[in-house]
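Subject: A structure to look through, with notes

Dear colleague,

I am handing over a structure that I have been going through, and I would be glad if you could read the notes below with the model open beside them. Please take your time with each residue that is named, and find it in the model before you read on.

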Amino acid sequence: MTRPASERPEEVQELAGEGRLITVTVGKPAHGGTFVARHDGRVVFVRGACPGETVVAELLPESSSNARFWRAETIDVIEAGPDRVPSAWPESGYEGIGGADYAHIRIEAQRRIKTEVLQELMTRARITSYPIEDIQIEPARDDHTGLGWRSRVRFAVDNGKVGMRGWRSHDIHEVGSNPLAHPVIQGLGIGVWKAPSGVVAVDVAAPSGSSPAIIVRAEKELSLEELNLPAGCDKASVLLTTRAATTPLRGDDTVREIVGDDIFTLYAGGFWQVHVDAPRLLTGAVGQALDAREGECVWDLYAGAGLFSVPAARAVGAEGELVSVEGAERASADAASNLAAYPQASTVSADVRDFLARSTEGADRVIMDPPRAGVGEATMARLAELTRTRMVYVSCEPSTLARDLRVAEHEGWAITDFQVFDLYPHTHHMECVVTLERAAR
C-alpha cells in the first residue's frame, strides 16, 4: 500500500512543496543505470530504484516542462521490490556519488538486469546472426559480493575536498569506505585527505606486480612535502601532473602488472583493465575466441600496452605477424617494450582509422578493444573488408557495440559467440567479447 504523504520523511514533504517530486512505479531497466517510469504520459528515467517499486523521485533541473523526457532520482521508497537490499555503498544513494548505480540491488538481480538491458539493445539494433536469448552475463571468478574489484580509481578535488562527483552533477561527495576499490586503495586514505590548493584530481592504481601509484593532477607545481599525503601512501609511487609535465616525486612513472607468466610494464596513468580479475579472464576469452594459428597475421587494434598482443604474438609464432595499433604514443611505446621478446611483433602508434586507411593488405584475424565510443560505422565497414577470417570485438559499452555489430552483419559477417562478463559490479557497466566470422553464402 502507498504510504500517505504525512508519513513521508520531512525533507521529502519539503521538496514536494516545491513541486520537484513525483510518485511513480518503475518498470523495466534502461541503459545507463536507470529504470523507466511514466508520469502523466511522459517517460521518466529514474535512478536509485528497482523494477516494480513505487518511489518518490526528485526531478533533475534539466527536466523542464517542455523536455521530451525527464530524469529523476529516488528520494524515498514507498513500496520496495524484492531485489532491494541495504546499499553496498550508502554514499551512492540520493544526492550521492554517481559511480554505483546498482549498489542497492541484490547482485544476482544486477546481473539479470544487465542481461535484460543488453538483450534489448541487441534487439533494437536488429542483430539477427546470434540468438539474443543466449546472451547472458557471467560473474568474474569468485566474485560473490562485487566488492574490492577496482584496481584503478579517480578522485575529484574541489577546494581541497576529495571525493567523487554526483550523478549528472559536478558536485563532489564523500566516498565513505569506498567498498568497490581494491583494499590497497582503500588503505591509502585518499578519500579523507585534505588536498592542498591547486590539486584538481587524483588517480590511484593498485597494480598486481608493484607498489601502488598515485598521480596528483594539479594546476601548479607542488612538492611531496606540500602534498602532505596520508601516512597510508608512504610506500606508494607519487607523480605530479601539470599542463607542463609529469614529474615523479617518489619512485618512477611506471607500474607492473602480472598476467599468468607475463609481466607488463606500463605508464602508471595508462589504460589497464580495471577489475582485478579482468586481465586473466579477458586474455583467456580473447585468445580462445581469436584462435590464431601459426604463420597468420593478427592485428590488435586499440591495443594499449599490449595485454592481448603478447599472447597473440605467441600464437602466430615466429613465421607469423602481430601488429599492435595504438593511438596514444606512451601506450604504444609500452606495448613495444612488452613485445620486445617477439620479433614477429611490431607496433604502430596511430589512430586506427588512419592505420586502416593506409592499409592495402588485410589481416587474417583482428582484435579490437575500442573506447566507449566504439569502432564507428565507417571503420567497422573497412575492417569487415580487410579482415580475412575472424574478428574479436571487446567492448565495455553495449550501445556502441550493438551499432557496430549491425554494420558487421550488413557487411556479410555473422556473430558466432557472444560472451558477457560482470566486470563492473554495482554499476550498470559490463564487458563483452564477441566473435565474428564471415557468414556462409
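The notes that follow begin with the whole protein and then turn to single residues.

Please keep in mind throughout that this is a predicted model. The protein has 10 helices and 23 strands. Its radius of gyration is 23 Å, close to the 22 Å that the globule rule gives for 441 residues, and the protein is therefore as compact as a globular protein of that length. If you follow the C-alpha trace along its principal axes, you will find that it spans about 75 × 65 × 40 Å.

Two further values describe how the chain is packed. Of the 441 residues, 56% are buried, and among the contacts with a separation of 6 or more, 63% are made by residues that stand 24 or more positions apart. As for the outside, the accessible surface comes to about 19,500 Å², and carbon and sulfur atoms account for 48% of that area. The protein carries 45 positive and 63 negative charges, and the mean positions of these two groups are 2 Å apart.

Next come two residues with a backbone angle that deserves a careful look. Most residues other than glycine have a negative phi. N178, however, has a positive phi of about 50° although it is not a glycine, and D291 likewise has a positive phi, near 50°. Where in the chain does N178 lie? N178 belongs to the loop that runs between β10 (172-173) and α3 (183-188), whereas D291 sits in the loop between α5 (278-290) and β17 (297-301). Is N178 buried or exposed? With a relative accessible area of 5%, N178 is buried, because anything under 20% is counted in that way. D291, by contrast, has a relative accessibility of 31% and is partly exposed.

One residue is singled out by a database record, and I would treat that record with some caution. The UniProt entry, which is unreviewed, lists C396 under "active site". In the model, C396 is found in the loop between β21 (387-395) and α10 (398-410), and at 14% relative accessibility it counts as buried. Which residues does C396 contact, once its neighbours within four places in sequence are left aside? They are R372, Y424, H429, M430 and E431.

The strand and the helix on either side of that loop hold three more residues that I looked at. R388 is placed in strand β21 and, at 42% relative accessibility, is partly exposed. Apart from residues up to four places away in sequence, R388 touches C297, G362, A363, D364 and R438. C297 is a useful example of a partner from elsewhere in the chain, since R388 and C297 are 91 residues apart along the chain, while their C-alpha atoms are separated by 9.8 Å.

Helix α10 contains both R406 and A408, and it is worth viewing the two together. R406 is partly exposed, with a relative accessibility of 29%, whereas A408, at 0%, is buried. Setting aside neighbours within four places in sequence, R406 is in contact with A125, R126 and I127, and A408 with M380, W413 and L436. Separation along the chain and distance in space can also be set side by side for this helix: R406 and A336 are 70 residues apart in sequence and 33 Å apart from C-alpha to C-alpha, and the C-alpha atoms of A408 and A313, which are 95 residues apart along the chain, are separated by 25 Å.

The last residue in these notes is D277, which lies in the loop between β16 (262-267) and α5. D277 has a relative accessible area of 8% and is buried. Beyond the residues up to four places away in sequence, D277 touches A140 and R141. Its C-alpha atom is 21 Å from that of R106, a residue 171 positions away along the chain.

With best wishes

Definitions and conventions
Residues are numbered from 1 along each chain as its sequence is written. This is a predicted model: local features need pLDDT of at least 70, side-chain atom pairs count only at pLDDT 80 or more; totals for chains, interfaces and linings use all residues. Side-chain values use heavy atoms; hydrogens and water are left out. Helices (H or I, at least four residues) and strands (E, at least two) are DSSP runs, numbered from the N terminus. The radius of gyration is taken over C-alpha atoms; the globule rule is 2.2 Å times the number of residues to the power 0.38. Buried means under 20% relative accessible area, exposed over 50%, partly exposed in between (1.4 Å probe, protein chains only). Contact means heavy atoms within 4.5 Å. Accessible areas come from the Shrake-Rupley method with a 1.4 Å probe; for residues, only the protein chains shown count as cover. Lys and Arg count as positive and Asp and Glu as negative; His and the chain ends are not counted. The place of a charge is taken as NZ of Lys, CZ of Arg, CG of Asp or CD of Glu. UniProt positions are given in the numbering used here, feature names are shortened, and annotations may be inferred rather than shown by experiment.
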